[in-house]
Amino acid sequence: MKNIKIYNKDSKEISKFVKDKVQFIVFSPPYWNLRNYKIDNQIGFKQTYDEYLNSMFSVFKECYSVLDEGRFMAINIGTVVSDEGMKFICGDFITIAKKAKFIFKKDIIWHKPKGTTKWQRGATQFTQNPYPLKYNTNINHEFILIFQKEGKLKEKSNKKVRPFNKIFTREMAYSVWDIIPINSPKLDEKHVAPYPEEIPNRLIKLYTYPNEIVLDPFAGSGTTNKVAYELGRKSIAVELSKTYCDLINKKIKNVKFNSYNSEEIYSESLELQLSKIDEKINKAKKNVKKFELSRKKFLEKNKKTIKIKQPELFD
């Protein structure tokens, strides 16, 4: 396919086979010592923390070499719990990215709404032992780190580029993004750690022009590449697993290049603005109904010992 290149190769050697400069890099790297992707030379599994960071430093250097001057790289990464305590990988990624000559520009918090994540061991321990000094949490956030390569940023004239509409601009103006995670991969994907399409979707819109090249050095099941394809961007997938490379090919064949509705981010129509308001109202109503149901169940369970009238809420 002319709009996507898939390399079943090692991301620590990108510059050996990616000869064209790319305009944006976005990825979710392998977890440290948490996931076994069952492929040779994988990063993270059965590595010490220092070995993991050294491997990622090698990838960052390769990313820097193929990225256009002044352009951006986005990394989605979370905090990892270990026997040695919490590993704030974000901070260490910032350190090694700077060592690779990247400039750290900003961080975005990916907030996973309450009730959309799996219940974790730490929170279970706290609920079973709810006393001071025993506090622990469900981790329902990750980070999106934005880096920039040194050099002059070549921008297109505003006369040649449509501005984002007010709806999209205001939504993106906040540094906390509420996005529902993917807790279970699709049966035909079998990828142990997919990330939601909404993350690369937003980032690619914000950091590229149409027809530019997006690179994912840890392509996995091809989420980034599928989204880039739909948004009318060319892309490069680098993936160690032959199985996942075949899956990316299959996934791209099922979507159309440049098929997204661009009016969602460009149109200033009153109808679109009204539809977005209606979406928020419907979401609020669903939340109210959910809490009403929870209250009803609570009252039924405790009806013999509690005497409170149920308030009338809107339909």
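In the predicted model, Leu-133 lies in the loop that connects helix H3 (121-128) with strand S7 (141-148). The residue is exposed, its relative accessible area being 88%. Its phi is near 75°, a positive value in a residue other than glycine. Most residues other than glycine have a negative phi. A second positive phi, also near 75°, occurs at Asn-211, in the loop between helix H5 (198-207) and strand S9. Asn-211 has a relative accessibility of 45% and therefore counts as partly exposed, since the exposed class begins over 50%.

Strand S9 (213-216) is followed by a loop that leads to helix H6 (223-230), and Pro-217 is located in this loop. In contrast to Leu-133, which is exposed, Pro-217 is buried, with a relative accessible area of 2%. Beyond its neighbours within four places in sequence, Pro-217 is in contact with Ser-11, Ile-14, Ile-25, Val-26, Phe-27, Val-59, Cys-63 and Val-238. One of these partners, Ile-25, is 192 residues away from Pro-217 along the chain, yet the two C-alpha atoms are separated by 7.9 Å.

Two of the partners of Pro-217, Val-59 and Cys-63, are among the buried residues of helix H1. Helix H1 covers residues 49-66, and its 18 residues reach 26 Å from the first C-alpha to the last, close to the 26 Å expected at 1.5 Å a residue. The other buried positions of H1 are Tyr-49, Tyr-52, Leu-53, Ser-55, Met-56, Phe-57, Phe-60, Glu-62, Tyr-64 and Val-66. The elements against which the buried residues of H1 pack are strand S2 (22-27), strand S3 (67-77), strand S5 (85-87), helix H2 (89-99) and strand S9.

Helix H7 comprises the 12 residues 242-253; at 1.5 Å a residue these should span 16 Å, and the distance of 17 Å between the end C-alpha atoms agrees with that value. The N-terminal end of H7 is capped by Ser-241, a side-chain oxygen of which lies 3.3 Å from the backbone nitrogen of Thr-243. Within the helix, the buried residues are Tyr-244, Cys-245, Leu-247, Ile-248, Lys-251 and Ile-252. Viewed down the helix axis, these buried residues fall within an arc of 160°, so they line one face of H7. The face turned away from this buried side carries Thr-243 and Lys-253, both of which are exposed. Cover for the buried residues of H7 includes strand S1 (4-7), helix H6 and strand S10 (234-238). Val-238, at the end of S10, is one of the residues in contact with Pro-217.

For the chain as a whole, 9 helices and 10 strands are present. The C-alpha trace spans about 75 × 55 × 35 Å along its principal axes. Of the 315 residues, 42% count as buried. Among contacts between residues at least 6 apart in sequence, 75% join residues at least 24 apart; the contact between Pro-217 and Ile-25 belongs to this group, with the two positions 192 residues apart along the chain. The chain exposes about 19,300 Å², of which carbon and sulfur atoms supply 52%.

Notes. Residues numbered from 1 in each chain as written. Predicted model: local features only at pLDDT ≥ 70, side-chain atom pairs only at ≥ 80, totals over all residues. Heavy atoms only, no water. Helix = DSSP H or I, 4+ residues; strand = E, 2+ residues; numbered from the N terminus. Buried < 20%, exposed > 50% of the residue type's maximum accessible area, 1.4 Å probe, protein only. Contact = heavy atoms within 4.5 Å. Expected span 1.5 Å × (residues − 1). Arc of directions from axis to C-beta. Polar contact = N/O pair within 3.5 Å; in protein donor to acceptor, adjacent residues only side chain to side chain. Areas by Shrake-Rupley, 256 points an atom, 1.4 Å probe, with all protein chains shown as cover.
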